[in-house]
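Here are some exercises to work through at your own pace, each with a solution that goes step by step. Have the viewer ready and try each task before reading on.

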Amino acid sequence: MMKGGVLVMLRKGSPFCSSTMKLQKEVINATEELKYEAEQQIEDQERILALRNKSGLRHNHLAIEKGQFLSSQDLPYFRSVQFQRRVVAKFGVNSGVNIGIAWDTKEEFKSKLEYWSLAEEGSGKELIEKAWKEHNDRRAASLEEDRKIQKRVANNNKEKESFLDRLRKKNEQQRIAREEKEKLMAEVREHFGYSIDIRSPEAKAMLEEKAKEQKKLVKEAKKKAKFEKAVALSTLKASQQQQESESVTTSEGKSES
């Protein structure tokens with residue numbers, strides 16, 4: 001009786017059947033609307049992120065630039081132990097990978113021990129001491145290289161100061177030569193009473209004459225300085241001889257008394 005009643009209620013065209021179908025349609029429509037709104041929100045977020053991305057980089061490249069980690073567990077190489085260890089080393093706990101994978105397993109550790117026991121001679125303590133010795137030797141070599149570099153830098157500073165000193169002297173000599181040339185040109189113009197080309201025969205003749213006079217003056221100045229020096233030396237020598245004679249006379253007088 002109950003079974004027949006249910007069949008009667010679900011029979012097409014009955015009020016109960018129509019209300020049930022209407023409710024199902026409303027549920028389906030509401031689900032589709034929620035799904036559409038969620039898709040719209042995702043699209044809006046993607047559009048906003050695209051507008052904010054002024055660099056124009058792709059999503060994965062932008063994440064790499066910002067130091068963020070993008071999970072790629074669906075890719076085959078992500079499941080490799082070597083790749084996951086690199087990810088843990090770079091991103092740490094933010095990678096989402098179990099950090100315990102960074103350590104060797106018991107089998108890997110035994111394999112490495114076996115390899116080093118065959119590749120290197122000696123006990124573990126000797127290997128450690130050897131490694132420390134190599135480390136200290138490299139550090140000493142690095143410090144020695146730093147010392148040599150500092151020495152070169154100090155010598156470079158001295159060479160730089162010497163070069164600047166030579167450059168200053170050269171500039172000073174050029175300035176003096178330029179002033180002397182300007183002075184000679186002024187004397188040439190004053191002599192002729194008008195502006196004349198310094199390369200003309202008349203100007204060259206006068207300049208040669210001035211140069212001879214200048215050499216003569218320099219020669220006379222050197223001769224005078226040499227004479228004065230000789231006189232000073234002779235005077236000093238005579239004074240020393242006089243002092244020696246006076247000291248001898250004084251000593252002889254003391255010995256006679």
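**Exercise 1. A surface patch**

Which residues form a nonpolar patch on the surface, and about how much accessible area do they have together?

*Solution.* A word on the source of the coordinates: this is a predicted model.
- Step 1: pick out V93, I99 and W103, which form the nonpolar patch.
- Step 2: take their accessible area together, about 340 Å².
- Step 3: place one member, V93, in the loop between α4 and α5.
- Step 4: check its exposure. V93 has a relative accessibility of 63% and counts as exposed, because the cut-off for exposed is over 50%.

**Exercise 2. The chain as a whole**

Describe the secondary structure of the chain, and then say how much of the chain is buried.

*Solution.*
- Step 1: count the elements. The chain has seven helices and zero strands.
- Step 2: write the pattern along the sequence, which is α-α-α-α-α-α-α.
- Step 3: turn to burial. The chain has 257 residues, and 7% of them count as buried.
- Step 4: look at contacts with a separation of 6 or more. Residues 24 or more positions apart account for 6% of these.
- Step 5: add the surface. About 23,400 Å² is exposed by the chain, and 56% of this comes from carbon and sulfur atoms.

**Exercise 3. Confidence**

What is the average pLDDT of the chain, and where does pLDDT stay under 50?

*Solution.*
- Step 1: the average pLDDT is 77, and 81% of the residues score at least 70.
- Step 2: the stretch to find is residues 1-10, where pLDDT stays under 50.
- Step 3: for residues 1-10, the model has six contacts beyond four places in sequence.

**Exercise 4. Salt bridges within a helix**

Find two salt bridges whose partners both lie in helix α6, and state the exposure of each partner.

*Solution.* Before starting, recall that side chains of opposite charge can pair when their charged atoms come close.
- Step 1: the whole structure holds nine salt bridges.
- Step 2: one of them joins K133 to D137, with an N to O distance of 3.2 Å. Both residues belong to helix α6 (residues 124-192), and they are four residues apart, about one turn of the helix.
- Step 3: K133 is exposed at 53% relative accessibility, while D137 is partly exposed at 41%.
- Step 4: another bridge pairs R175 with E172 at 2.2 Å, N to O. These two also lie in α6, three residues apart, again about one turn of the helix.
- Step 5: R175 is partly exposed, with 30% relative accessibility, and E172 is partly exposed too, with 35%.

**Exercise 5. A network of salt bridges**

Which residues are joined into one network by salt bridges that share partners?

*Solution.*
- Step 1: the network takes in R85, D104, E108 and K112.
- Step 2: inspect one link. K112 and D104 form a salt bridge in which the closest N and O atoms are 3.0 Å apart.
- Step 3: K112 has a relative accessible area of 42%, making it partly exposed. D104 is partly exposed as well, at 32% relative accessibility.

**Exercise 6. Helix α5 and the loop after it**

Is helix α5 buried or largely in the open?

*Solution.*
- Step 1: helix α5 covers residues 106-119, 14 residues in total.
- Step 2: from first C-alpha to last it reaches 20 Å, close to the 20 Å expected at 1.5 Å a residue.
- Step 3: the number of buried residues in α5 is zero, so the helix lies largely in the open.
- Step 4: move on to E120, found in the loop between α5 and α6. E120 is partly exposed at 25% relative accessibility.
- Step 5: beyond its neighbours within four places in sequence, E120 touches L127 and K130.

**Exercise 7. Surroundings of Q84**

Is Q84 buried or exposed, and which residues is it in contact with beyond four places in sequence?

*Solution.*
- Step 1: locate Q84 in helix α4 (residues 81-91).
- Step 2: its relative accessibility is 14%, so Q84 counts as buried; the cut-off is under 20%.
- Step 3: apart from neighbours within four places in sequence, Q84 contacts F78, R79, V97 and I101.

Notes
Residues are numbered from 1 along each chain as its sequence is written. This is a predicted model: local features need pLDDT of at least 70, side-chain atom pairs count only at pLDDT 80 or more; totals for chains, interfaces and linings use all residues. Side-chain values use heavy atoms; hydrogens and water are left out. A salt bridge is a side-chain nitrogen of Lys or Arg within 4 Å of a carboxyl oxygen of Asp or Glu. Buried means under 20% relative accessible area, exposed over 50%, partly exposed in between (1.4 Å probe, protein chains only). The expected span of a helix is 1.5 Å times one less than its number of residues. Contact means heavy atoms within 4.5 Å. Patches are made of residues with over 30% relative accessible area and no salt bridge: like charges are joined within 9 Å, nonpolar side chains (Val, Leu, Ile, Met, Phe, Trp, Tyr) within 5 Å. Accessible areas come from the Shrake-Rupley method with a 1.4 Å probe; for residues, only the protein chains shown count as cover. pLDDT is the predictor's confidence in each residue, from 0 to 100.
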